[in-house]
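Work through the exercises below with the sequence and the coordinates at hand. Each task is followed by a solution in steps.

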Amino acid sequence: MTVYIDPPDWPGHGRLWSHLVSDASFEELHAFAASIGCPPHAFERDHYDVPESRYVDAVRAGARQIGSKELVRRITEAGLRRPKGRPAPALRDAAPDSVDQPSARSLG
């Protein structure tokens, strides 16, 4: 299992946010996010928005800390990148039924 998190550098809604991703599958990402208490509505296209206050919890649970550019590179190479404004590619796993919530700041 390889789940990654970038530093909580993304401002929004009066907080700083991180992005939590998997380079293996959305199934892995959803399972990990649920295990650390991320609500389904925190999922946005290809990542979970994680508030700064939960960053350490994610790292302690096994998320590997990497920079934002490296995070995007890894999910792009894995075929799991789903940028805004572009059609989603054929995915290996389906996203859970959830309501998209505006992120603090998207991955771009």
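**Exercise 1. Cover of a helix**

What covers the buried residues of H1?

Solution. The model is predicted.
Step 1. List the buried residues of H1: Phe26, Glu28, Leu29, His30, Phe32 and Ala33.
Step 2. Look for the elements that cover these residues. The cover includes strand E1 (3-5), strand E3 (15-22), E4, strand E5 (47-51) and helix H2 (52-60).
Step 3. Go on to the residues just after the helix. There, Gly37 has a positive phi of about 85°.

**Exercise 2. Order of elements and overall figures**

Give the order of the helices and strands, then describe the protein by its burial, contacts and surface.

Solution.
Step 1. Count the elements: the protein has three helices and six strands.
Step 2. Read them from the N terminus on, which gives β-β-β-α-β-β-α-β-α.
Step 3. Take burial: 45% of the 108 residues are buried.
Step 4. Take the contacts between residues at least 6 apart in sequence; 65% of these join residues at least 24 apart.
Step 5. Take the surface: the accessible area comes to about 5800 Å², and carbon and sulfur atoms account for 51% of this area.

**Exercise 3. Confidence**

State the confidence of the model and find the stretch where the pLDDT is below 50.

Solution.
Step 1. The mean pLDDT of the protein is 85, with 78% of residues at 70 or more.
Step 2. The pLDDT is below 50 over residues 91-106.
Step 3. Beyond near neighbours in sequence, the stretch 91-106 still has 43 contacts in the model.

**Exercise 4. Two positive phi angles**

His13 and Arg45 are not glycines, and each has a positive phi. Locate both and decide for each: buried or exposed?

Solution.
Step 1. Recall the background: most residues other than glycine have a negative phi.
Step 2. Read the angles. Phi is about 55° for His13 and near 60° for Arg45.
Step 3. Place the residues. His13 sits in the loop between strand E2 (10-12) and E3, while Arg45 sits in the loop between E4 and E5.
Step 4. Apply the cut-offs, which are under 20% for buried and over 50% for exposed. His13 is exposed because its relative accessibility is 60%. Arg45 is buried because its relative accessible area is 15%.

**Exercise 5. Three residues and their partners in space**

For Pro39, Phe43 and Ala63, find the element or loop, the degree of burial and a C-alpha separation to a residue elsewhere in the chain.

Solution.
Step 1. Pro39 belongs to the loop between helix H1 (26-35) and strand E4 (43-44). Its relative accessible area is 33%, so Pro39 is partly exposed. Val50 is eleven residues away along the chain from Pro39, and their C-alpha atoms are 9.8 Å apart.
Step 2. Phe43 is part of strand E4. With a relative accessibility of 2%, Phe43 is buried. From Phe43 to Val21 the C-alpha separation is 9.8 Å, across 22 residues of sequence.
Step 3. Ala63 is found in the loop between H2 and strand E6 (64-65). A relative accessible area of 5% makes Ala63 buried. Ala63 and Val3 are 60 residues apart along the chain, with 5.0 Å between their C-alpha atoms.
Step 4. List what Ala63 touches, leaving out residues up to four places away in sequence: Val3, Ile5, Leu20, Phe32 and Ala58. One of these, Phe32, is among the buried residues of H1.

**Exercise 6. Internal space**

How many cavities of 30 Å³ or more does a search of the whole structure find, and which residues line the largest cavity?

Solution.
Step 1. The search finds one cavity of 30 Å³ or more.
Step 2. The volume of the largest cavity is about 30 Å³.
Step 3. Its lining consists of Ser22, Ser25, Phe26, Leu29, Asp46, Ile75 and Leu80.
Step 4. Sort the lining by class: four residues are nonpolar, two are polar and one is charged.
Step 5. Compare with Exercise 1. Phe26 and Leu29 from the lining are also listed as buried in H1.

Technical notes:
Residues numbered from 1 in each chain as written. Predicted model: local features only at pLDDT ≥ 70, side-chain atom pairs only at ≥ 80, totals over all residues. Heavy atoms only, no water. 1 Å grid on protein atoms, 1.4 Å probe; cavity = no way out; pocket = protein on both sides within 12 Å on 5 of 7 lines; lining within 4 Å. Points joined across faces, edges and corners; volume = space filled by probe spheres on them. Nonpolar A, V, L, I, M, F, W, Y, C, P; charged D, E, K, R; others polar. Helix = DSSP H or I, 4+ residues; strand = E, 2+ residues; numbered from the N terminus. Buried < 20%, exposed > 50% of the residue type's maximum accessible area, 1.4 Å probe, protein only. Contact = heavy atoms within 4.5 Å. Areas by Shrake-Rupley, 256 points an atom, 1.4 Å probe, with all protein chains shown as cover. pLDDT = per-residue confidence, 0-100.
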